[in-house]
Each structure stands twice: as C-alpha cells, then as structure tokens.
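Reader: Hi! Could you walk me through this one?
Author: Happy to, here it is.

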Amino acid sequence: MADSEHSSSNETSVVDFRDESSKENKQEFTEDEETLIIRMYNLVGERWSLIAGRIPGRTAEEIEKYWNSRCSTSE
C-alpha cells in the first residue's frame, strides 16, 4: 500500500515539473537559438517548420511567434 501511495505522489511531481519546464522553454530562447533562427530565416525565409526542425523541442508556431514579436520590428 505504501508503494502505491508513493508512486502516485511521484507521478504528480513529474507532471508538475514537466508543465513548469515546458512553460519556461516556450517563453525563453537561448542566444544560440536566436542566432540560428536569424541565420535560417535569411536562408529559407518564413519556412518555420524547416527552422523548427533544426531546433530540438521547438515548434514552428513558437518560432514564428518569436520572430513576429522580436525580430520583425527591428527590420
């Protein structure tokens, strides 16, 4: 009985950790990711899925949102 209680509390901890981790990752881009996005954009344009394919854990939507919110205003 103690084992089942212990495993259910571990599952909750794992879910909470993953939720927090994914929220942070979606908001913050590293300097390397930013550089890669800019370089890839210059090569392939607005082909967000191609760019996302080069950045593990990022979706095309995240990259497009990042580009539209940060980079398009500097042009």
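Author: We can talk about one helix and then the aromatic side chains; keep in mind that this is a predicted model.

Reader: Sure. Which residues of α2 are buried?

Author: Those are Glu-33, Ile-37, Met-40 and Tyr-41. They cover an arc of only 105 degrees around the axis, so they lie on the same side of α2.

Reader: And which exposed residues does the face turned away from that buried side carry?

Author: You'll find Glu-31, Asp-32, Arg-39, Asn-42 and Leu-43 there.

Reader: What happens just after α2?

Author: Gly-45 takes a positive phi of about 75 degrees there.

Reader: Nice. Switching to aromatics, how many pairs are there?

Author: The count comes to 4 aromatic pairs. In one of them, Phe-29 and Tyr-66 have ring centres 4.5 Å apart and planes at 35 degrees, so that pair is tilted.

Reader: Where do Phe-29 and Tyr-66 sit in the chain?

Author: Phe-29 is in the loop between α1 and α2, while Tyr-66 belongs to helix α4, 37 residues apart. Both Phe-29 and Tyr-66 are buried.

Reader: Which charged end sits over the ring of Phe-29?

Author: That of Arg-58, 3.9 Å from the ring centre.

Reader: Cool. Are Trp-48 and Trp-67 buried or exposed?

Author: Trp-48 is buried, with a relative accessible area of 8%. Trp-67 counts as buried too, at 6% relative accessibility.

Reader: Which residues form the aromatic cluster?

Author: Tyr-41, Trp-48 and Trp-67 form one cluster, and Tyr-41 is also one of the buried residues of α2.

Terms used:
Residues numbered from 1 in each chain as written. Predicted model: local features only at pLDDT ≥ 70, side-chain atom pairs only at ≥ 80, totals over all residues. Heavy atoms only, no water. Buried < 20%, exposed > 50% of the residue type's maximum accessible area, 1.4 Å probe, protein only. Helix = DSSP H or I, 4+ residues; strand = E, 2+ residues; numbered from the N terminus. Arc of directions from axis to C-beta. Phe/Tyr/Trp six-rings, centres within 6.5 Å; stacked < 30°, edge-to-face > 60°. Lys NZ or Arg CZ within 6 Å of the ring centre and 35° of its normal.
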